[in-house]
Amino acid sequence: MPFKNSRRQGFFAVSSAVFCLYATSALSSPASDLVDKYNDWFLANGATTASYASAVDDGANTQILDHKIEGMFSFSLDKDKPELGVYYAITTPKTVYLNGSRSGDTFSFESISTEGMQFEVGFFETSDAIQSIQDARTSSEIFHLDGDAKDYIIESYSENWMDLPVVTDGITTEEFQQLLAATTRVSYYRSHIAELSANSTILNGVTGEYTLKNFEYMGARDGFIEANTIEEYTYTTNMSGFVDGQDVSTTSETKYSDIEILDQDIRPILALLGAGTAPSDLVTSLYRVGSFATTVNNGASNDSEPFGIMEMTAGSSVTEEVRISGGDATKLFAAMEGFSSAASEAENLDNVYSLLDALGSFSIAYSDVNDIQIKAWDPISARMKDTKSPSFEVSLDHASTTDLTTNSLGQIKVEGLYGAVESEDAVFDLDSFELADIEWPSLRTIVESAMLAQVDPSAALDAIPTIGLISISGLSMQSKELDTPVVLDELSIEMDNHIGPIPTRLSEVIDGLSFDAALLEEPTVLGMLDRLGIERVHLTQDFHITWDETTEDLTLEKFEFDLENGLRLRADIQIGNIPRALFERPHEAEAVIALATFKGAQIEVMDSPLISEMLETQAEQAGVPAELLASMLIDGTVQQAGPLAKTEFALELAKAAKSFVGNPTNIRVTLAPEAAVPLLQLGGLAALAPQQLPKLLGASVSYTE
C-alpha cells in the first residue's frame, strides 16, 4: 500500500474536495443528487462534516447554501515513524447550478458558479490532546495553508459518476489508481477563477502569500485540457531565524505574467501510475510565460549573507512538447513499498534501482528564456540601493535547449551574456556558448558506476557523458588588473564516433585569442616580445585527431599553432596498430600502446621571428654575435647526440637549423618510413643504435628561404 492511514479517515478527501466542490443535498435535483454523492463519500471516509444548510431549486437553478466539508485524519509513510496529523476544511457559502440534467450516473449543467470558496489544510504532530480541528488549529502546526477562490464559474460541465473507494483503513495501490482515474470523468467548456489567494506557514518560521488572477481552463474532457491561462501569479515568502547572534529574515517577492499552457493531458502520467491508458505520450504541447520578476531581500543589517538585495527579471520563456512514456507502475509501487520494508542498505539500493527502472523516459523538444537581468547589492550597498550601482550584475539575451530526453540533450545554447563585479572592476561579455549532442547513461548506470568506482576506478567511465560540441564565441574579460581585455573570438571542440565516453574523432579550433603581453610576466619573454613590437599576444590553433577502426591508425593532422608575428608551427603524425581496446579500457593504455607502430610524421616551423629574437637576446647576454652563438648551440646539440651525430640526416638538420635561425622562414622535418615501425623497436634503437633511426624512419629535412 502506498499509504498507511491509521485513524480511519480518507487521505484523499482534501484533493478530491478541491476537484469536485461544485456541489453537495436536500431537494432532489441533479445538483443536490451529485452533491449528496460527494457528501456521502466524504462521510464514509471519516469527514466530521459534509453537509449544506439548504438547497433552493426553482426548476432551472439549484442553489446549494452554506456547504461545508471538514475532517481530520493521520497517516504515516513508514510504520516505524511517528504519524502525521492532517485537518481540512472547505466552505462554500453559495453555489449555483444552472439548467442541470441527469441521465443515469451522468450529471450535466449549463454552468456551476460560486462567488467565493474558502479552504484550509494543516499538518500537525499527533497527540492525545488533539481531538478536534480546533485543537489542531491551535497546536504547533508543521504546515498551514488557507485560501479563498473568488468568482469561480464552470461552463458546460458534465460528470460521469463512478463509485469512489472508501479508504478509512488505508489505501491500496488499486484504490489509489481508482482515485487517480476519477480525474478523467469530468468535462467542461470553460472554468474560470477571477482570483485565487492563499497564505501558508511552515513551522512558524516560513510564511507565504500567493495570488493567481484570472485563472482559466478551456476545453476539458477525459483528462485533456485544450488551454490553461493565468493572467498573473504572484507570491511572497518570508523566512526568519537567528543567525550569529542576531535576528535575520529573508523576504522574496515573485511575479509571473501571462502564463499559457496548451494541450495538457494527464493521461500519460496516469498511465505511468497504472491508472489508465494514454492515447499518446504528450503531456503538454506548450508552456509559455510572458514575463517573470523576483526580488530577494536578506535585510540590510544582515552582513552574514553574500548579498543584501537581489533583483531578477526575465522576458518571455517557452517550453514545447513535454512527453513521458515507458513507465512500469507495478515496479514503481513495488519499489515504493520496498523502501518501507527494507531491512538493509543493500535492499534499499535494490529499491533505488527498481524505482529508476520503473520511471520510464521523458523528453522536452524545446525550451528557452529571453532577456534575463540579475542585479545584486552586497549588505552594505543594499542600504543605499537607490544611489549605489549593483555589486554584481548579469544579463542574458537568450538561452535555449533542444531535444532534452532522459539520456540526452540535443543542444544548450546561451547568447548575449554580460556580467560585472563592482569590487573587482571586472566585466565580461560572451556572444555565445553552446554544448551539443550530449548523451549520458541511465540513472541506474550512473548510480551503479558510482558504487563500483569505489572498488574499481575504471568503472567510473560508464557514468561519464559524451559531448559532441563545445563552442564559445565572442568572449571578452577585463578587470582593474588588466589594461586591456582578454579576448577569444572562437573556441570550437567537435567530438564524435565515441567509444564509451572517449571520442575517436576530435577537432579543435582556437581563433583570435589575444591578451596583453604583460600577463606573461616572465622578463625574458617580455623583453623578446617588446623587441618584436608585440604589445598584445594573438594566438590561433587548429588540430584534428582521428582514429580509423578499419586501419587502426591514429592520426594527428593539421596541428597548427600561430603566434601572430612570432611563431607558426604545423605538425602531422600517424600512429598505427591502435586497437579498439585502447578506448574501451584506457586504464590499460600502457600495455596497448606498447604494440603500436610509427607510420610517419611531418613537423614544419614557418615565419618565426620569435626564434631569432630569442637568439639575439641570449647572444647579448653572452656578449657574442648571434650567428656565432647559434652555430655553437646547434653544434653542441649535435655532438651530444652520440652516434646519431655522424649521420647524414643530423648534418643536414644542423645545416638547415643554422640557416633557419638566421632567416626563420621555413624548416620542415619529414619522417616517412617505408613500413610501419613498432614503437618498442624505436625505443630500443634510440638506446642502443640511434644512428640507424634516420634511415629506418626515412628522415629528411628541408629549409626554404
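**Exercise 1. Burial of two charged residues**

Task: Classify Glu232, which has 18% relative accessibility, as buried or exposed, and do likewise for its salt-bridge partner Lys255.

Solution. The model is a predicted one. Step 1: a residue counts as buried under 20% relative accessible area, as exposed over 50%, and as partly exposed in between. Step 2: Glu232 stands at 18%, so Glu232 counts as buried. Step 3: Lys255 stands at 36%, so Lys255 counts as partly exposed. Step 4: in the salt bridge between Lys255 and Glu232, the closest N and O atoms are 3.4 Å apart. This pair links distant parts of the chain, with Lys255 in strand S12 and Glu232 in strand S11 (residues 224-243), 23 residues apart.

**Exercise 2. Salt bridges across the sequence**

Task: State how many salt bridges the model contains, and determine which elements are joined by the pair Arg190 and Glu155.

Solution. Step 1: a pair qualifies when a side-chain nitrogen of Lys or Arg lies within 4 Å of a carboxyl oxygen of Asp or Glu. By this rule there are 25 salt bridges. Step 2: Arg190 and Glu155 form one such bridge, with their closest N and O atoms 2.9 Å apart. Step 3: strand S9 (residues 186-202) holds Arg190 and strand S8 (residues 141-160) holds Glu155, so the bridge ties together parts that are 35 residues apart in sequence. Glu155 itself counts as partly exposed, at 22% relative accessibility.

Step 4: a further bridge joins Arg323 to Asp281, the closest N and O atoms being 2.6 Å apart. Here distant parts of the chain are linked: Arg323 belongs to strand S15 (residues 317-325), whereas Asp281 is in the loop between helix H5 (267-272) and strand S13 (282-297), 42 residues away. Arg323 is partly exposed at 25% relative accessibility, and Asp281 is partly exposed at 26%. Step 5: shared partners also join Asp33, Arg102 and Asp105 into one network of salt bridges.

**Exercise 3. Backbone angles**

Task: Determine where Asp258 and Asn577 are placed, and comment on the sign of phi in Asp258 and Asn577.

Solution. Step 1: most residues other than glycine have a negative phi. Step 2: Asp258, in strand S12 (residues 246-265), has a positive phi near 55°. Step 3: Asn577 is not a glycine either, yet its phi is positive at about 60°. Asn577 sits in the loop between strand S25 (567-576) and helix H11 (581-584). Step 4: Asp258 is partly exposed at 44% relative accessibility, and Asn577 is partly exposed at 34%.

**Exercise 4. Charge at the surface**

Task: Identify which residues gather in a patch of negative charge on the surface, and locate Glu481.

Solution. Step 1: the patch brings together Glu422, Glu424, Asp425 and Glu481. Step 2: Glu481 is in the loop between strand S20 (469-478) and strand S21 (486-499). Step 3: with a relative accessible area of 64%, Glu481 is exposed. Step 4: the whole protein chain carries 41 positive and 109 negative side chains, and the centres of these two sets are 2 Å apart.

**Exercise 5. Overall dimensions**

Task: Compare the radius of gyration of the protein chain with that of a compact globule of 705 residues.

Solution. Step 1: such a globule would have a radius of gyration near 27 Å, whereas the protein chain has 37 Å. Step 2: the C-alpha trace spans about 115 × 60 × 50 Å along its principal axes. Step 3: the chain comprises 17 helices and 29 strands, and 42% of its 705 residues are buried.

Definitions and conventions. Residues are numbered from 1 along each chain as its sequence is written. This is a predicted model: local features need pLDDT of at least 70, side-chain atom pairs count only at pLDDT 80 or more; totals for chains, interfaces and linings use all residues. Side-chain values use heavy atoms; hydrogens and water are left out. Patches are made of residues with over 30% relative accessible area and no salt bridge: like charges are joined within 9 Å, nonpolar side chains (Val, Leu, Ile, Met, Phe, Trp, Tyr) within 5 Å. Accessible areas come from the Shrake-Rupley method with a 1.4 Å probe; for residues, only the protein chains shown count as cover. Lys and Arg count as positive and Asp and Glu as negative; His and the chain ends are not counted. The place of a charge is taken as NZ of Lys, CZ of Arg, CG of Asp or CD of Glu. Helices (H or I, at least four residues) and strands (E, at least two) are DSSP runs, numbered from the N terminus. Buried means under 20% relative accessible area, exposed over 50%, partly exposed in between (1.4 Å probe, protein chains only). The radius of gyration is taken over C-alpha atoms; the globule rule is 2.2 Å times the number of residues to the power 0.38.
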